[in-house]
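Let's take a model and ask, label by label, what earns each name. The structure comes first, then the questions.

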Amino acid sequence: MAASVITVPPGTVEQALPALLGEPARALRRGALVAFPTETVYGLGADALDPAAVERIFHAKGRPADNPLIVHLPDAAWLGRVVAHVTPLARRLAERWWPGPLTLVLDAADVVPRVTTGGLSTVAVRVPANPLARTLIAVAGTPVAAPSANRSGRPSPTTAAHVQADLGGRIDWILDGGPCPVGIESTVVDARGDAPVVLREGTVTREDLGVDVTAESGSPLSPGTRFAHYQPSARVVVASAGQGGDVAAEIAERQTTGLIGPTLPGLDPRVSVLASPLGAAELATVLYDALRQADVRGLDVVVVEAVPSHGLGRAVMDRVRRAAGGGGVVPTG
Ligand code: TXA
Ligand code: MG
């Protein structure tokens, strides 16, 4: 069955949203799967407190059952509904960053089913910045578990068309609120102690948080980092700064090749330019769409030109390296 789509043009006044979203919000409450935009990527939502509904998310995505979901709230006042103990650190971080792309891991309240938390006693929570997302959740009247709305392993969706392509036949509703401005996922932080522990790099940077390490990839604290992610069918090759065009041109002699990176005059005409981002923020915004474009065009290889690995650049390069399957890195000077 095809998903029902509601298009909400950007700039729609917030007062109009509750009426527009009434139907999908009620469906959500009855166990439906509703994809919705956030400022980072599109999420695939279900009632976080309904184990059968959450089960459907894992099934639709083909997601491993031990990879826990983020529970989305309309505002911080709902924290007590899903969290057993709100630490002073969590309060501080929520006040500073919500609504926004920061996810806090805290001890879960008993009402949160284990299927939502991937069997853990903790729960990840965030208040997204997109008013459409917050209104949907508020009108549904229940916390909403939502992973990125892609088939497991694929690049996260930053448009409703991406969601449609991956999940259109498997879910009930898609809310189309236009492209996601940020383009990569939220930062996940363990906020149970006195200082934040970064579990997944994201839009809120280590520098923003005043933290200088990230939990080791694959650590039990950060289950999601164990899995393959963000991968198109095309092989992804990482080129160092300034080398994207040359690396792509060389590969284009043998295979159909796309480039994600700044394009200079004189680029080999055999190279398909997928996106020409300047800097980390632009790369974040276009990355997933450009990776998907490579598959739509049936390319063999995508070359992504690296951005400096600090601040947002570190979070983006984490996604790029995972898209490359950890390998495929071209070492250049
Ligand atoms: O920006 C985002 O975070 C998007 C939008 C839709 O909010 N969501 C998203 O969800 O990226 P997902 O499921 O693709 O990634 C959630 C990440 C995974 O790495 C997961 O392992 C981690 O959060 N996570 C969830 N619950 C956790 C927990 N209790 N402890 C540690 N990590 C957790
Ligand atoms: Mg994901």
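Q: What makes helix α9 one that "lies across" strands, and which strands are they?
A: This is a predicted model, by the way. Contact needs heavy atoms within 4.5 Å, and helix α9 (residues 244–252) lies across β11, β12 (257–260) and β14. Its direction runs at about 165° to β14. Angles are taken between N-to-C directions and go from 0 to 180 degrees, so about 165° puts α9 towards the opposite-direction end of that scale relative to β14.

Q: How do you know that β11 and β14 pair, and in which sense do they run?
A: Pairing takes at least two bridges. Strand β14 (residues 301–305) is joined to β11 by 5 bridges, so the pair qualifies, and the two run parallel. Within that pair, valine 237 stands opposite valine 303 in β14.

Q: Why are β11 and β13 called edge strands?
A: The sheet they belong to is an open one of 4 strands, in the order β11-β14-β12-β13, with parallel pairing. Each of β11 (235–239) and β13 (272–275) has a single partner strand, so one side of each is left without a neighbour in the sheet. From one strand to the next, the twist averages 30°.

Q: What is the strand order of the open sheet of 10 strands, and what kind of pairing does it have?
A: The order reads β1-β8-β2-β3-β7-β4-β6-β5-β9-β10, and the pairing is mixed. Its edge strands are β1 (4–7) and β10 (197–200), each pairing on one side only.

Q: What makes β4 and β7 a pair, with strands this short?
A: The threshold is at least two bridges. Strand β4 (residues 70–72) and strand β7 (residues 144–145) have 2 bridges, so they just meet it, in the antiparallel sense. Histidine 72 has valine 144 in β7 as its bridge partner.

Q: Which strands does helix α5 lie across?
A: Helix α5 (residues 88–97) lies across β5 (102–107) and β9 (187–190), and runs at about 160° to β5.

Q: How do you know that threonine 40, arginine 126 and arginine 200 make polar contacts with ligand 1?
A: The cut-off is an N or O pair within 3.5 Å. A polar side-chain atom of threonine 40 sits 2.6 Å from an oxygen atom of ligand 1. For arginine 126 the corresponding distance to a ligand 1 oxygen is 3.0 Å, and for arginine 200 it is 2.9 Å. Each value falls within the cut-off, so they count. The protein covers 97% of the 680 Å² of accessible area that ligand 1 has on its own.

Q: What makes up the shell around ligand 1?
A: It holds 26 residues, with Thr40, Asn67, His72, Ser186 and Gly224 the closest. By class there are 14 nonpolar, 8 polar and 4 charged residues. Strand β6 gives the most, with 4 residues.

Q: Why is the bond from tryptophan 98 to proline 99 worth flagging, and what about tyrosine 230?
A: Most residues other than glycine have a negative phi, and most peptide bonds are trans. The tryptophan 98 to proline 99 bond is cis, with omega near -5°, and proline 99 is in the loop between α5 and β5. Tyrosine 230, not a glycine, has a positive phi of about 65°; its place is the loop between α8 (206–209) and β11.

Definitions and conventions:
Residues numbered from 1 in each chain as written. Chains lettered and ligands numbered in written order. Predicted model: local features only at pLDDT ≥ 70, side-chain atom pairs only at ≥ 80, totals over all residues. Heavy atoms only, no water. Near = heavy atom within 4 Å. Polar contact = N/O pair within 3.5 Å; in protein donor to acceptor, adjacent residues only side chain to side chain. Areas by Shrake-Rupley, 256 points an atom, 1.4 Å probe, with all protein chains shown as cover. Nonpolar A, V, L, I, M, F, W, Y, C, P; charged D, E, K, R; others polar.
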